[in-house]
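User: I'd like to understand the wording used for this model. Could you take me through it, term by term?

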Amino acid sequence: MAQRALWRGAISFGLVHVPVEMFSATREHSLKMHFLDSRDFSPVGYERINKSTGKAVDWGHIVKGFEYAKDQYVALSDADFKHANVRASETIDIASFTESAGLSPLYYDTPYYLLPGKGGEKVYRLLREVLAAERKAAVATFVMRGRGHLCAVVAGEDVLTLITLRFPAEILAAPQSAARGAPRAGIKESELAMARKLVEEMTAPWKPERFRDTYREDLMRRIKEKIRRKQTHVLTTEEPPEPRPKAEVIDLMDALRSSLKLRAKHGARAAPAKRASKRA
């Protein structure tokens, strides 16, 4: 099924406008769960309740509002969101170009594909080629779905990719650590050299197809087994799971030395690609 464009507008920098259309670059992969009543396993719906009257509210009567003081709201319509920044709602305004490697992953949010709009193929291709050749990312702002976004436009293999970025105000400072500021925390040169060697031996090209969401697969396998056994309305009793590896205080040199020996003996098989275990 063909995707529908989520947003249409233009990339703007200087006097250049590149007509583009935005499409999702990812999809939700978690298993969709529903709340059930344990007494009869009927779905439990989401009720929109008026906190003053206790009655359900129809979607047609729901509007957005900002609480500017305790229990005091200002109502906002779609027109208010559009008037907040009319020009930005139709353009991805590039503020600057920066080194792609300089963007901290802390700011990454959601990726999208940008495809050329009608009549914009040549200038679109020109921008992609320049970003790729110079290894630059365009830092820009735009508005989508009533919200302003900071973003980076980068060159993909064949298309431009837009990654929404978090604003600085959304980034929390790292937790304080007692070890912070300690010079190398007592690390020996021999330990550092051995760790570098292990990292070097484990370095490999990025191949995302080697990674799988094993948690989702295992949960789906369990669901199918319950369906096969006709246990659809049976709640599984608590079972002791397989023991998980525990974090232990180890001798760093012994661990590094053993890791290198294991890789030397079995090659890459000693350290297979870890598979994602994202929870559903």
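User: How do you know that the length of helix 2 fits its residue count?

Analyst: Helix 2 covers residues 121-134, 14 residues, and at 1.5 Å a residue it should span 20 Å; its end C-alpha atoms are 20 Å apart, so the two agree. The expected span is 1.5 Å times one less than the number of residues. Helices here are DSSP runs of H or I with at least four residues, strands are runs of E with at least two, and both are numbered from the N terminus. Happily, the ground rules are short: this is a predicted model, where local features need pLDDT of at least 70, side-chain atom pairs count only at pLDDT 80 or more, and totals for chains, interfaces and linings use all residues. Residues are numbered from 1 along each chain as its sequence is written, and side-chain values use heavy atoms, leaving out hydrogens and water.

User: What makes the buried residues of helix 2 line one face?

Analyst: Y124, L127, R128 and L131 are the buried ones. Seen down the helix axis, they fall within an arc of 95°, so they line one face; the arc is that of the directions from the axis to the C-beta atoms. On the other side, K122, L126 and A133 are exposed.

User: Why is T161 called buried?

Analyst: Its relative accessible area is 14%, and buried means under 20%, exposed over 50%, partly exposed in between (1.4 Å probe, protein chains only). T161 therefore counts as buried. T161 belongs to strand 9, residues 160-165.
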